[in-house]
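Biologist: Got a minute to walk me through this one? I'd like to start with the helix packing and then jump around a bit.

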Amino acid sequence: MAVHVEPQPLNGVLPGGTRGATVAVEPLIAGHVDFPRAAMVDQGGSFKTLRLARAITSSKAAESVPVPAFLIRHPSVGPVLVDTGLHPSIASGGSENFGGLANRFGRPSLQADEDVPSQLRAKGIEPRQVPVVVMTHLHLDHSSAISEFPASTFVLSAAEWQDAAHGSKPSLNGYRRAHFDLAFDYRTVDFDGEAVGSYATFGRTFDLFGDGSVRLAFTPGHSAGHCSVVCRLQGEDFVIGGDAMYMEGQLEGREPLPPRPFDAHMLRRSLQELRLFHAQFPGAVITPGHDPDYYSRIAPRFE
Ligand SMILES: [Zn+2]
């Protein structure tokens with residue numbers, strides 16, 4: 001499927017920032033999907049591919065994992081969303097939104113009112129009032145509900161857009177183009193560009209509102225243009241790690257990395273930037289992508 005929508009390059013910061021602004025972050029769990037354990041943590045040994053294929057096709061070895069999204073409250077920009085969670089329609093069946101095959105193996109599930117638009121409304125925020133949505137990457141469990149934010153400006157890396165929209169074998173690589181091929185306002189950040197600078201232990205970051213409150217940190221490897229998001233709280237930063245690691249133990253080196261990412265070398269390098277950040281700021285929160293235990297005990301709000 002050819003993608004018709006064209007993103008615009010984001011050359012400058014988005015409007016609305018305030019010098020010295022700090023934000024609050026509210027994690028939202030917007031559904032669950034089945035991940036085979038062997039796809040999250042490398043089981044080692046030879047015949048890795050065969051074993052992975054077997055794990056993916058055998059639902060017994062799968063674990064139901066949370067699909068997080070994050071509401072960032074910025075004092076002058078307003079509500080900013082990171083990733084979109086599962087689409088509201090999944091509460092009554094996922095085959096249309098996820099597609100037949102991904103629905104069969106991913107088994108997405110969502111409670112009524114668990115989707116992000118419902119959770120925002122419960123907090124008094126209409127989805128149309130969300131000016132900006134940052135996408136860590138466009139894998140289908142993150143892009144599922146993009147359609148629910150037609151009035152928002154979407155920001156993601158140019159490398160991620162390129163691979164998701166124009167790469168070969170999108171569905172094998174975790175993309176569902178129908179989720180994002182919409183006449184929406186997409187802005188791409190070129191992490192080779194002039195607006196990019198380093199921040200703390202991160203080599204390539206983009207200061208989204210020019211006030212240091214929300215930074216995209218380029219952490220590719222899991223996917224071609226994956227980003228983490230560094231949020232400045234009153235105390236230490238809150239880092240939305242995205243899928244740079246699935247499990248908390250992978251950040252701490254207690255668990256092996258996932259097998260067969262988009263680029264294993266880039267993934268290790270990105271994870272190293274997160275690990276160095278963790279070592280330098282041990283009190284800072286760095287969220288893993290889909291760790292059931294971690295999200296079962298996460299606080300509702302950080303500021
Ligand atoms: Zn992913």
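Biologist: Which strands do the buried residues of α7 pack against?
Modeller: They pack against β6 (153-157) and β7 (185-189). Keep in mind that this is a predicted model.

Biologist: And which residues of that helix are buried?
Modeller: In α7, residues 158-166, the buried ones are E160, W161, D163, A164 and A165.

Biologist: What sheet do β6 and β7 belong to?
Modeller: An open one with seven strands, in the order β1-β7-β6-β5-β4-β3-β2, and the pairing is mixed. β1 (8-9) and β2 (24-36) are the edge strands, each pairing on one side only. α7 packs on this sheet, and its direction makes about 90° with that of β6.

Biologist: How do β3 and β4 run, parallel or antiparallel?
Modeller: Antiparallel, with five bridges joining them. L71, for instance, has L81 in β4 as its bridge partner.

Biologist: OK, changing topic. Which residues have the most contacts inside the largest nonpolar core?
Modeller: I72, L208, L216 and F238, in a core of 32 residues. Among the elements giving two or more residues to this core are β3 (62-74), β4 (78-82), β12 (238-240) and α10 (292-296). There's also a second, separate core of 25 residues, which includes L71, I146, A164 and F180. A164 is one of the buried α7 residues from before.

Biologist: Back to F238. What is it in contact with, leaving aside its neighbours within four places in sequence?
Modeller: V25, F70, V229, V230, C231, L233, V285, T287 and F302.

Biologist: Now the metal. Which residues are the protein donors of the zinc ion?
Modeller: H137 through NE2, H139 through ND1, H222 through NE2 and D243 through OD, lying 2.1 to 2.4 Å from the zinc ion. Their spacing in sequence is H-x1-H-x82-H-x20-D. H137 and H222 link distant parts of the chain, 85 residues apart: H137 is in the loop between β5 (132-134) and α6 (140-143), and H222 in the loop between β10 (214-218) and β11 (227-231).

Biologist: Are those two histidines buried or exposed?
Modeller: H137 is buried, with a relative accessible area of 0%. H222 is at 9% relative accessibility, so it counts as buried too, since the cut-off for buried is under 20%.

Biologist: Why is the zinc site irregular rather than tetrahedral?
Modeller: The angles among its four donor atoms go from 89 to 179°. Four donors count as tetrahedral only if all angles lie between 85 and 135 degrees, so the 179° end rules that out.

Methods
Residues numbered from 1 in each chain as written. Predicted model: local features only at pLDDT ≥ 70, side-chain atom pairs only at ≥ 80, totals over all residues. Heavy atoms only, no water. Donors = N, O, S within 2.8 Å, 3.2 Å for Na, K, Ca; no water. Tetrahedral: all angles 85-135°; square planar, octahedral: opposite > 155°, others 65-115°. Helix = DSSP H or I, 4+ residues; strand = E, 2+ residues; numbered from the N terminus. Buried < 20%, exposed > 50% of the residue type's maximum accessible area, 1.4 Å probe, protein only. Contact = heavy atoms within 4.5 Å. Core = buried A, V, L, I, M, F, W, Y, C linked by side-chain atoms within 4.5 Å. Pairing = 2+ DSSP bridges. Axes fitted to C-alpha atoms, helices over the stretch in contact; angles between N-to-C directions.
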